[in-house]
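Please examine the structure shown below together with its sequence. The explanation after it leads through the sheets, the helices and the buried interior in turn.

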Amino acid sequence: MLMKVNCIPFQETGYFSKLICDYLNEDQHLEPFFNRLPILQNFDAQIAEKQANYDSAHRNVLTSAIERQYVGFNCSEPTRKNIESLSSNTTFTITTGHQLNLFTGPLYFLYKIISTINLTKKLRQEHPNYNFVPVYWMATEDHDFDEINYFNYRGKKIKWNINANGAVGRLRTDGLDKVFEVISQQFGVTTNANELKSLFEKSYLEHTNLTDATRYLANELFGDFGLVIVDGDDSQLKRLLVPFAKKDIFDNIPHEQVTKSISALSSVSETYKIQVNPREINYFYLKDDLRERIIEKSGSYYINTTDLKFSKSGLENELETFPERFSPNVIARPLYQEVILPNLCYIGGGGELAYWLELKAYFDNLGVTFPMLLLRNSALVITEKQYEKMERLDLDSSDLFLTQTSLVNKKIRKISNIEIDFSSQKRYLEKQFQELYQIAEETDKSFLGAVKAQEVKQKKGLDKLEKRLLKAQKRKLKDHVIRLTELQNVLFPNQSLQERQLNFSELYLQYGKDLIPQLMETLDPLANGFLILRH
């Protein structure tokens, strides 16, 4: 079984932005930018608000669309029951979204979905009179192929090489047989390897487009847990978005509201990194292998890089007649999701939550309930052997999250038989110079600058000497440094979080079919910390 070895506060890992850390710390200055904090006792109020503010007619449209999307796929009994329950006004969703990365892409794809499923389990226990459905929203309309056409395996990039245009979900799976040949060689011939190869083959070589391939893959991994997979590239669902799309395209409400929110966020802290900026029109025109921005110029509407042009009435007619041709961008997509789903909470990574925090005023203006925002689970999976190495090196779990330079320096200072910390000498030096400043004040103030320059020079000399001694100790303790850095390089490939680099296949080769059930048992979506898991 996977066991939780440690739980480090997100804020102490160094891998999360100041904005997200302030949100997790419940900074009162951020209260205007979210609805409710994602804690169990707040879901009563969120349920009541969403129930009062969600058009019940949307439920039948939603259920019908999802049932149609599942035609031809093996729908598990838990998933089938969840889809049917969406027609009831006592059913609500917990949602995560992700791109259509090849073979799931980075490992955190699993953590997102497991966080979502596990939160619905907790909510069912807490609120037995309601049902809660985990939803994976496939980002089928994204068009950045270079972000999704590969996955990492043992330090190498396994890549799908084709020329691609338009929405990635509509791409044909041509060329993925070449990828299958590569992984067949790389994965080996163990039972777990054969299961992985079969999963890839059935997902990508037996389906004609990337949307269907990804649905099959996610359904195989999580269907038994009741996951419901939604494709927003759907004419039925987009018809529900038409009134809101008009307010974006013709009234520019999101541009106005989100711009104000960004300014307000920046006034809270200048160090907040703004994730996305709104456009005047936050929709693309989507058709065949085309997904291009809609741009207004002098009352006419142009489709970027094409000869297509519409009058205002012509574009409005196009929207009402062919809503499937209008694709929301990163600003409009969250609204689309919340309009069609009876959703209570969105689960995402730090970057995602950062841009969701820009959107609340825009939702309020359009009368759409803003969901609770929950940071997904993050985890570092280590083997028992790696854990034993940590103990021999006298490493705490939190030490692993330091930059490599900081980690090495900290440990060298700790194990060194001489003191390589000149802090006390610097304090003594500062005391001496305070006396010199006093003498200069009482005799000739023009000497103050010379005294300051001498103080800076001597402090720099101490810094230089400290670094030279530390470097010498690193050479002396070279073996220890090598073991230290080798362990961190394995657990933090490319000096990045494991979950952002590894593909699930590397863990599956070790744990097989037990992998996802073990993660299900271990990951707590409300843990509010970075989990260290060992097997």
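The following paragraphs describe a predicted model, beginning with its sheets.

One open sheet contains five strands in the order 6-3-2-12-13, and the pairing is parallel. Its edges are formed by strand 6 (228–231) and strand 13 (372–375); each has a single partner strand, so one side of each is left without a neighbour in the sheet. From one strand to the next, the twist averages 30 degrees. Within this sheet, strand 2 (residues 91–98) and strand 12 (residues 343–348) run parallel and are joined by four bridges. Thr95 has Tyr346 of strand 12 as its bridge partner. Two helices that pack on the sheet may be considered next. Helix 3 (residues 57–69) touches strand 2 and strand 6, and its direction makes about 95 degrees with that of strand 6. Helix 5 (residues 108–126) also packs on the sheet, where it touches strand 2, strand 3 (131–138), strand 12 and strand 13. The direction of helix 5 makes about 165 degrees with that of strand 3.

Another open sheet of five strands has antiparallel pairing and the order 10-9-8-7-11. Here strand 10 (309–310) and strand 11 (326–328) stand at the edges, and because each has a single partner strand, one side of each is left without a neighbour in the sheet. Strand 7 (residues 283–287) runs antiparallel to strand 8 (residues 290–297), with four bridges between them. Lys287 is paired by a bridge with Leu290 in strand 8.

A further pairing involves strand 14 (residues 379–382) and strand 15, which run parallel and are joined by four bridges. Ala379 stands opposite Leu531 in strand 15. In a regular strand, side chains alternate between the two faces of the sheet. In strand 15, Phe530, Ile532 and Arg534 point one way, while Leu531 and Leu533 point the other way. Strand 15 (residues 530–534) is mostly covered, with five of its five residues buried.

The buried interior can now be considered. The largest nonpolar core has 143 residues, and Phe103, Leu110 and Phe222 have the most contacts inside it. Helix 9 gives the most to this core, with seven residues. Leaving out residues up to four places away in sequence, Phe222 touches Phe109, Leu110, Ile113, Ile114, Ile117, Leu227, Ile516 and Met520. A second, separate core of 12 residues includes Phe43, Leu123, Cys345 and Leu374.

Helix 9 (residues 210–222) also holds Thr211. Is Thr211 buried or exposed? Its relative accessible area is 8%, under the 20% limit, and Thr211 is therefore buried. Beyond its neighbours within four places in sequence, Thr211 is in contact with Leu100, Met138, Thr140, Gly169, Arg170 and Asp231.

Helix packing is a further topic. Helix 11 (residues 242–249) and helix 13 (residues 312–321) pack at about 155 degrees, with their axes 10 Å apart. Angles over 145 degrees count as roughly antiparallel, and helix 11 and helix 13 are therefore roughly antiparallel to each other. Val242, Ala245, Lys246 and Ile249 of helix 11 make the contact with Leu315, Glu316, Leu319 and Glu320 of helix 13. The crossing of helix 11 past helix 13 is right-handed.

Finally, Phe447 lies in the loop between helix 19 (423–443) and helix 20 (448–476). With a relative accessible area of 49%, Phe447 is partly exposed. Phe447 and Tyr437 are 10 residues apart along the chain, and their C-alpha atoms are separated by 8.5 Å.

Key. Residues are numbered from 1 along each chain as its sequence is written. This is a predicted model: local features need pLDDT of at least 70, side-chain atom pairs count only at pLDDT 80 or more; totals for chains, interfaces and linings use all residues. Side-chain values use heavy atoms; hydrogens and water are left out. Two strands pair if DSSP finds at least two bridges between them. Buried means under 20% relative accessible area, exposed over 50%, partly exposed in between (1.4 Å probe, protein chains only). Contact means heavy atoms within 4.5 Å. A nonpolar core is a set of buried Ala, Val, Leu, Ile, Met, Phe, Trp, Tyr and Cys residues joined through side-chain atoms within 4.5 Å. Axes are lines fitted to C-alpha atoms, for helices over the stretch in contact, and angles run from 0 to 180 degrees between N-to-C directions. Angles under 35 degrees count as roughly parallel, over 145 as roughly antiparallel, 65 to 115 as roughly perpendicular and the rest as oblique. A crossing is left-handed if the near helix is turned anticlockwise from the far one by less than a right angle, and right-handed if clockwise.
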